[in-house]
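Notebook open, coffee ready. I want to look up how the ligand is held and which rings pair up.

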Amino acid sequence: MSDSEIQVFEGTLTAPQGAAFAIVAARFNELVVDPLIEGAIDTLVRHGVPRGSILVTKAPGAYELPVVCQRLAASGKVAAVIALGAVIRGATPHFDYVAGEAAKGCGTVATSTGVPVVFGVLTTDTIEQAVERAGTKAGNKGADCALAAIEMVNLGRTLGDAGY
Ligand code: INI
């Protein structure tokens, strides 16, 4: 490595050629999750991903997302996975188990397969907070995750081209 220059690697936000994207969404709290799916699709398409390169898979709840993400990531057929869901706190500790497993599981899938799994599972105290992040006043987490997925695929290709 040269000591004269700092090398900076970044991923662009343009659709990576030939890359397929898998959206894995929970059906639980679908009032909130459906707009996340729409936000993710809209952003992928606006950035140049062909509709035919987008796969949507639905699981019962956020707890089930990691196993579906694992299957798709390990298939070798998708460049990135976008996990979407909404875990909303209730009166019992259930929230912590579901949210914790979803986050840990998705992270493990990404590190074990090398396929980016971006985490668009809202974890909120109230349904209002979730709605705010599903296309209303606090943006759309699905759209944010679609951008992160494109960036990660491009970053992976850039690093690969540079021999890392
Ligand atoms: N699943 C969610 O996606 N969000 C929630 O808020 C939620 N709560 O609150 O219970 C939830 N539970 C279901 C869970 O993900 C599993 O589907 C279920 O436990 C079966 O394994």
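Which ligand atom does a backbone N or O atom of Ala-62 lie 2.8 Å from? I looked: an oxygen atom of the ligand. I'm calling that a polar contact (a pair of N or O atoms within 3.5 Å).

Note to self: this is a predicted model, where local features need pLDDT of at least 70 and side-chain atom pairs count only at pLDDT 80 or more, while totals for chains, interfaces and linings use all residues. Residues are numbered from 1 along each chain as its sequence is written, and side-chain values use heavy atoms, with hydrogens and water left out.

Next I checked Ile-88, where a backbone N or O atom lies 3.1 Å from an oxygen atom of the ligand. For His-94 I looked at the side chain, and an N or O atom there is 3.4 Å from a ligand oxygen. The protein covers 75% of the 460 Å² of accessible area (Shrake-Rupley method, 1.4 Å probe) that the ligand has on its own.

Then I went round the shell, meaning residues with a heavy atom within 4 Å of the ligand. Among them are Phe-28, Tyr-63, Glu-64 and Val-98. I tallied seven nonpolar, three polar and one charged; Gly counts as polar here. Strand S3 (80-88), a DSSP run of E with at least two residues, gives the most, with three residues.

Last stop, rings: I found one aromatic pair (centres within 6.5 Å). Phe-9 and Tyr-164 have ring centres 5.6 Å apart and planes at 65°, so they are edge-to-face (planes over 60 degrees apart). The pair ties together parts 155 residues apart in sequence.

Terms used:
A polar contact is a pair of N or O atoms within 3.5 Å; within protein, one must be able to donate a hydrogen and the other to accept it, and residues adjacent in sequence count only if both atoms are side-chain atoms. Helices (H or I, at least four residues) and strands (E, at least two) are DSSP runs, numbered from the N terminus. Rings of Phe, Tyr and Trp (its six-membered ring) pair if their centres lie within 6.5 Å; planes under 30 degrees apart count as stacked, over 60 as edge-to-face and the rest as tilted.
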